[in-house]
Amino acid sequence: MGLLGAKAPPHRAERVVDMLRITVALLILIHGLFRLVAGGVVPFGIWLESQGFPWGYGWAMAVTLYELVGPALILTRRWTSLVALGHAAILTLGMILVHLPFGWFVVGGGRNGMEYSVILIVSLLALAWAYWPARRASSVAES
């Protein structure tokens, strides 16, 4: 028994990681796809430039493409840790620039806050940790 109760059985824990991986990947994919289809890349680029980022459109397009390609890689379990860390970095910057000024709550106690960003970032960090390659034991004996 663990500190806070019984641990999840390994076969269930593995399914939970799969559910988390698929859900987070789809949420990010939908976000990027909507921005691309709805014509949001240019306004996003203009906003980035207003925040002091040079080449706003280029950054906006790069983030949008990352939101399309990255989830596909996560869904197929390719470079999952690195892609998840990249998404966590993008979301952290977005949380600081966009959501932090509005406080914690997305709805209810406030509007447009950072609580949703926090759960996505923690989920991405958990996925990065879960899929991080295990270190191989050295076959050379240390002297």
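## Helix packing and cores in a predicted model

Thr 80 counts as buried, with a relative accessibility of 4%. The model is a predicted one. Thr 80 belongs to helix H4. Leaving aside residues up to four places away in sequence, Thr 80 touches Leu 73, Ile 74 and Tyr 131.

### The loop before H4

Two residues in the loop between H3 and H4 stand out for their backbone. Arg 77 lies in this loop. Its phi is positive, about 60°, although Arg 77 is not a glycine. Trp 79 is found in the loop between H3 and H4 as well. Trp 79 is not a glycine either, yet has a positive phi of about 50°.

How exposed is Trp 79? Its relative accessible area is 63%, so Trp 79 is exposed, the cut-off being over 50%. Arg 77 has a relative accessible area of 44% and is partly exposed.

### Accessibility at selected sites

The table sets these residues beside two others.

| Residue | Place | Relative accessible area | Class |
|---|---|---|---|
| Arg 77 | loop between H3 and H4 | 44% | partly exposed |
| Trp 79 | loop between H3 and H4 | 63% | exposed |
| Thr 80 | helix H4 | 4% | buried |
| Gly 94 | helix H4 | 24% | partly exposed |
| Pro 133 | segment after H5 | 57% | exposed |

Two C-alpha separations place the last two residues. Gly 94 and Met 114 are 20 residues apart along the chain, and their C-alpha atoms are separated by 9.4 Å. Pro 133 and Leu 85 are 48 residues apart along the chain, with 14 Å between their C-alpha atoms.

### H3 against H4

The axes of H3 and H4 come within 9 Å. They cross at roughly 145°, and the crossing is left-handed. On the H3 side, the contact is made by Val 63, Tyr 66, Glu 67, Gly 70, Pro 71, Leu 73 and Ile 74. On the H4 side stand Thr 80, Leu 82, Val 83, Ala 84, Gly 86, His 87 and Ile 90. By class, this contact of H3 with H4 divides into nine nonpolar, four polar and one charged residue. Thr 80 thus appears again, here as part of the H4 face that meets H3.

### H1 against H5

The axes of H1 and H5 come within 10 Å and cross at roughly 130°. H1 is therefore oblique to H5. The crossing is left-handed. H1 brings Val 17, Asp 18, Leu 20, Arg 21, Val 24, Leu 27 and Ile 28 to the contact. H5 answers with Tyr 116, Leu 120, Ser 123, Leu 124, Leu 127, Ala 130 and Tyr 131. The contact of H1 with H5 has eleven nonpolar residues, one polar and two charged.

### H2 against H3

Helix H2 spans residues 41-50 and helix H3 residues 56-75. Their axes are 7 Å apart, at an angle of about 125°. H2 and H3 are therefore oblique to each other. Their crossing is right-handed. From H2 come Val 41, Val 42, Phe 44, Gly 45, Leu 48 and Glu 49. They meet Gly 56, Tyr 57, Trp 59, Ala 60, Met 61, Val 63 and Thr 64 of H3. The residues of this contact of H2 with H3 are nine nonpolar, three polar and one charged. Val 63 of H3 takes part here, and Val 63 also takes part in the contact with H4.

### The nonpolar cores

In soluble globular proteins, nonpolar side chains tend to be buried together. Which residues make up the largest nonpolar core here? There are eleven in all: Val 24, Ile 28, Ala 84, Ala 88, Met 95, Met 114, Leu 120, Ile 121, Leu 124, Leu 127 and Ala 128. Helix H1 (10-37), helix H4 (80-99) and helix H5 (115-131) each give two or more residues to this core. H5 gives the most, with five residues.

Ile 28 is one of the core residues. Not counting residues up to four places away in sequence, Ile 28 touches Glu 67, Pro 71, His 87 and Leu 124. Leu 124 belongs to the core too, and both Ile 28 and Leu 124 sit in the contact of H1 with H5.

A second, separate core has five residues. Val 41, Phe 44, Leu 48 and Ala 60 are among them. These four names also occur in the contact of H2 with H3.

Methods
Residues numbered from 1 in each chain as written. Predicted model: local features only at pLDDT ≥ 70, side-chain atom pairs only at ≥ 80, totals over all residues. Heavy atoms only, no water. Core = buried A, V, L, I, M, F, W, Y, C linked by side-chain atoms within 4.5 Å. Buried < 20%, exposed > 50% of the residue type's maximum accessible area, 1.4 Å probe, protein only. Contact = heavy atoms within 4.5 Å. Axes fitted to C-alpha atoms, helices over the stretch in contact; angles between N-to-C directions. Parallel < 35°, antiparallel > 145°, perpendicular 65-115°, else oblique. Left-handed = near helix turned anticlockwise from the far one by under 90°. Nonpolar A, V, L, I, M, F, W, Y, C, P; charged D, E, K, R; others polar.
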